[in-house]
Amino acid sequence: MGKKLLTMTAMMTLLLPNVVATNTVAAEETVSSHKERQTSIKPLEIENMKRFTYDSGYNFEYPEAVRGLYVTGNSAGGSRFESLVDMIDSTELNAMVIDVKEDNGNLTFQPEEGSPYEDIAKNFIDDPEQMMKTLEEKGIYPIARVVVFKDSVLAKKRPDLSFQENGQVWENGKGEAFVSPFQKEVWEYNVGIAKMAAEMGFQEIQFDYVRFPEGFETRDDELEYSMGDYADSDMNNIKKRVQAVTDFVAYAKDEMSSYDVDVSVDIFGYAATIEEAPGIGQNFSKISSNVDVISSMIYPSHWSSYFGIEVPDKEPYKLVKEYAKVENEVLGALENPPVSRPWIQDFEAPWLYSGPTKQYGKAEVEAQIKALHESGINEFLLWNSGNSYTENVDFTIGYEG
């Protein structure tokens, strides 16, 4: 009996190193006296123990207000990178959103040998470490863009994770394939990439294409796909889509909590104007409740005659002003609203016009920024798919304080 008691005491000493025994337990003590001694043992307060936090070794500070631009992998790893750094260095811009997993589903850099992502890597950014050092030296805040459910590479590699039609991977009109937000294996796959980005030194993970394909509600009955854990849910398919997308965002936020990075999501601007987007599964309020930053894509060219504006592309100030009213109301109703950091337009939309296309330059970009600032939204991101941005813009126009 005494030997067993000593063994138990030794085990407890190992498991509870902070416990100080007030008496020496003798071998001949009885079981009852041993139990009495245990009343002095204080349980560990697990909830107060600090979680492990990964430190990339870089020193970046969150700007007073993030004002950034989009950078492709090609630009980040090519000659254009230097000119984009110079543009930020000489203006009020202070951040870059850099593709880590791009629109086709490829990584933009080579991971370590043996990585499960080796076969999807393109060597666009051949020296990620040097890129990060440059950003650190210049004080440019680094944000990693990870395209999630639009993923032709994974869809073709794993058709069982995609949407299929007549036994083939389904593609939209642009030849793009999607993988299913219902599949938790897809969640893990993308969050694994996000963790790599955090380890590289990125301070924020921006998840894009966090949705089903556009117009999915018209194809739901035609396409073949698995609903995974959502198959047995009593919800209708619309609610299931919203739940799956929302659950992914919550999962990603929780998984990234040990990396001391912010989590953001790109979302269609119109999602803020309706209760939920039934086809694509985006609920603006639910997604916003699970992120640090929400980035609505509010390009004037992407709106129909919303807000009573006949051609929004021609009236960037008015469009942004009207949108901001709606978003402010929606976010204002949340208990813990995220930072609003919309994507704004620095490109032309020739597909909208039969005649001359409305040009976007200094006046049009400044009009959007001014409308945001006047609405109390002081952060923004510039989008131009070719990374050719307008020069001589006042990026703080209308900003007070």
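Is Glu 374 buried, partly exposed or exposed, and what is its relative accessible area? I looked it up: Glu 374 is partly exposed, at a relative accessible area of 36%. My cut-offs are under 20% relative accessible area for buried, over 50% for exposed, and partly exposed in between, with a 1.4 Å probe and protein chains only.

**Ground rules**

I am working on a predicted model, where local features need pLDDT of at least 70, side-chain atom pairs count only at pLDDT 80 or more, and totals for chains, interfaces and linings use all residues. I number residues from 1 along each chain as its sequence is written, and side-chain values use heavy atoms, with hydrogens and water left out.

**Whole chain**

I find 11 helices and 11 strands in the chain. Both are DSSP runs numbered from the N terminus: helices are H or I with at least four residues, strands are E with at least two. Of the 401 residues, 50% are buried. I then checked contacts, meaning heavy atoms within 4.5 Å. Among contacts with a separation of 6 or more, 76% are between residues 24 or more positions apart. The exposed area of the chain is about 19,500 Å², and carbon and sulfur atoms supply 47% of it. Areas come from the Shrake-Rupley method with a 1.4 Å probe; for residues, only the protein chains shown count as cover.

**Salt bridges**

Side chains of opposite charge can pair when their charged atoms come close. I call it a salt bridge when a side-chain nitrogen of Lys or Arg is within 4 Å of a carboxyl oxygen of Asp or Glu. My search of the whole structure gives 25 of them.

I went back to Glu 374. Its salt bridge partner is Lys 370, with the closest N and O atoms 2.5 Å apart. The two sit 4 residues apart in helix α11, so about one helical turn separates them. Lys 370 is partly exposed too, at 31% relative accessibility.

Next I took Glu 379 and Arg 341. Their side chains form a salt bridge at 2.9 Å, N to O. Glu 379 is in the loop between α11 (362-374) and β11, while Arg 341 is in the loop between β9 (339-340) and β10 (343-345), so the pair ties together parts 38 residues apart in sequence. I note that both residues are buried.

Then I checked Lys 150 and Asp 103, whose side chains meet in a salt bridge of 3.1 Å, N to O. This pair links distant parts of the chain, 47 residues apart: Lys 150 is in the loop between β3 (141-147) and α6 (152-157), and Asp 103 is in the loop between β2 (95-101) and α5 (128-138). Lys 150 is buried, at 2% relative accessibility. Asp 103 is partly exposed, with a relative accessible area of 24%. I also traced a network of salt bridges that links Asp 99, Asp 103, Arg 145, Lys 150, Glu 176 and Asp 208.

**Negative patch**

Which residues form the negative surface patch? I list Glu 165, Asp 221, Glu 222 and Glu 224. A patch takes residues with over 30% relative accessible area and no salt bridge, and joins like charges within 9 Å. Asp and Glu count as negative, Lys and Arg as positive; His and the chain ends are not counted. I place each charge at NZ of Lys, CZ of Arg, CG of Asp or CD of Glu. Glu 165 lies in strand β4 (residues 164-165). Its relative accessible area is 32%, so Glu 165 is partly exposed.

**Two contact checks**

Asn 387 sits in the segment after β11 (380-383). It is buried, at 3% relative accessibility. Not counting residues up to four places away in sequence, Asn 387 touches Tyr 70, Val 71, Thr 72, Ser 75, Arg 80 and Leu 84. I checked Leu 84 further: its C-alpha is 8.4 Å from that of Asn 387, although 303 residues separate them along the chain.

Thr 134 is in helix α5. I log it as buried, at 18% relative accessibility. Leaving aside neighbours within four places in sequence, Thr 134 contacts Phe 81 and Val 85.

**Positive phi**

Phe 307 is not a glycine, yet its phi is positive, about 55 degrees. I find Phe 307 in the loop between β8 (293-297) and α10 (316-332). It is partly exposed, at 26% relative accessibility.

Asn 392 is not a glycine either, and its phi is positive at about 65 degrees. Asn 392 lies in the segment after β11. I log Asn 392 as exposed, at 66% relative accessibility.

How values were computed. Patches are made of residues with over 30% relative accessible area and no salt bridge: like charges are joined within 9 Å, nonpolar side chains (Val, Leu, Ile, Met, Phe, Trp, Tyr) within 5 Å.
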